[in-house]
There are 2 protein chains.
Amino acid sequence: MSSSALPYRPHNHQACVTQALADARTICQQHNARLTPTRERVLELIWQSHKPLGAYDVLAVLAEDGHNAAPPTVYRALDFLQQYGLVHRIASLNAFTGCTHAGKSHNGMFLICRSCGNVLELTAPAVSSAVHRAAAEESFRPEDVTIEVSGYCPRCASDKAHG
Amino acid sequence: MSSSALPYRPHNHQACVTQALADARTICQQHNARLTPTRERVLELIWQSHKPLGAYDVLAVLAEDGHNAAPPTVYRALDFLQQYGLVHRIASLNAFTGCTHAGKSHNGMFLICRSCGNVLELTAPAVSSAVHRAAAEESFRPEDVTIEVSGYCPRCASDKAHG
DNA sequence: TTTGCTAATGTTATAATGTTGCAAATTCCG
DNA sequence: CGGAATTTGCAACATTATAACATTAGCAAA
């Protein structure tokens with residue numbers, strides 16, 4: 001198993017969060033983009049686990065924070081974060097997850113566990129090139145590729161097997 | 001270009017519809033499933049073009065038909081049709097499109113034109129196997145694979161290029 | 001033919017997700 | 001400082017999807 005498969009194993013998750021926030025600051029600085037407190041807080045919330053969070057879940061936590069936010073606040077923050085590749089939207093879940101390859105150019109592929117809800121983002125060059133070849137055969141010009149695989153992660157698959 | 005690329009070319013679309021309805025009847029018969037008038041009508045509407053239709057678009061046409069339907073009617077019909085592989089839901093569009101490979105087992109990949117809105121469904125074994133290999137490397141057990149490519153179809157790409 | 005079961009539909013209400021538009025505040029930069 | 005641009009607050013609204021429960025249609029056994 002790849003060493004990147006953190007979501008499906010116990011790990012020091014606080015390190016994930018810290019790293020993600022540090023990366024975000026770097027990336028925003030490089031692009032002269034403003035990682036405002038709201039945006040940073042939303043990113044932090046998205047990173048609270050490897051389970052994608054809905055926009056309204058984020059909104060609810062902001063409310064607990066005492067931040068009297070409305071939906072547009074959250075969607076705007078999420079749009080911003082997506083724009084700089086800091087979070088991804090998972091279309092099949094209507095939810096958002098932290099990008100684990102922030103900064104590097106990448107074609108994500110998401111492995112979504114139906115049981116525990118954790119999501120692993122992969123960079124799969126073989127998949128990406130196969131998709132582009134298939135598109136090219138139809139003379140189609142791809143701009144954005146969504147690959148989301150729903151199934152069972154190693155932990156949950158073995159839990160299921162053993163009862 | 002594959003001869004399957006009908007959506008992006010002029011064609012006798014009525015033939016698509018007729019074929020789809022005939023296939024549906026066969027498939028439902030084989031499974032002892034009832035292709036009721038509502039379900040058949042919804043399938044027919046979905047097939048009105050190769051542009052995916054939202055559930056509420058379907059609902060609106062049913063209303064024009066004089067069918068006083070509510071959302072659950074449409075969603076139930078769509079669920080049924082999906083269950084027998086007669087339509088697909090396009091997650092990135094929240095919309096539904098007729099399955100062009102009904103009956104055959106297949107792993108669809110969708111090429112969605114941003115300009116004209118038409119969708120081409122492909123069977124891409126190379127993509128499918130690459131996805132499964134990538135999942136296997138993470139010991140992930142796939143149950144359902146979503147591959148949606150947004151971009152420009154040949155017609156629209158050349159329109160764009162030539163002004 | 002009635003009875004009784006199951007699948008399918010109708011109906012109402014509501015939940016969940018996402019957007020628009022405009023005004024106020026903040027930040028950037030000369 | 002002061003003007004321009006970005007960001008936020010806020011209210012209303014639009015879209016997509018589901019829950020819960022009542023009713024009806026199809027079909028087969030008594």
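This short talk walks through a sheet shared by two chains, the contact between those chains, and the surface near one DNA strand.

Before the details, please keep in mind that this is a predicted model, in which local features need pLDDT of at least 70 and side-chain atom pairs count only at pLDDT 80 or more, while totals for chains, interfaces and linings use all residues. Residues are numbered from 1 along each chain as its sequence is written, and chains are lettered from A and ligands numbered from 1 in the order in which they are written.

Let me begin with the sheet. Six strands form an open sheet with mixed pairing, in the order E4(A)-E3(A)-E5(A)-E5(B)-E3(B)-E4(B); strands here are DSSP runs of E with at least two residues, helices are runs of H or I with at least four, both numbered from the N terminus, and two strands pair if DSSP finds at least two bridges between them. Strand E4 (119-123) of chain A and strand E4 (119-123) of chain B stand at the edges with a single partner strand each, so one side of each is left without a neighbour in the sheet. On average, neighbouring strands are turned by 20 degrees against each other, direction ignored, where axes are lines fitted to C-alpha atoms, for helices over the stretch in contact, and angles run from 0 to 180 degrees between N-to-C directions.

Where the chains meet in this sheet, E5 (residues 141-152) of chain A and E5 (residues 141-152) of chain B run antiparallel and are joined by 11 bridges. Among the bridge partners, A:Arg141 is matched with B:Tyr152, and A:Glu148 with B:Thr146.

Turning to the contact as a whole, 37 residues of chain B are in contact with 37 residues of chain A, contact being C-beta atoms, placed from the backbone, within 7 Å. On the side of chain B that touches chain A, E5(B) gives the most, with 12 residues.

Finally, the DNA. Of the 19 residues around DNA strand D, those that come nearest are A:Thr36, A:Thr38, A:Pro72, B:Pro71 and B:Asn94, a residue being near if its C-beta atom, placed from the backbone, lies within 6 Å. H2 (37-46) and H4 (71-83) of chain A, together with H3 (55-64) and H4 (71-83) of chain B, each supply at least two residues of that surface, and the largest share, four residues, comes from H4(A).
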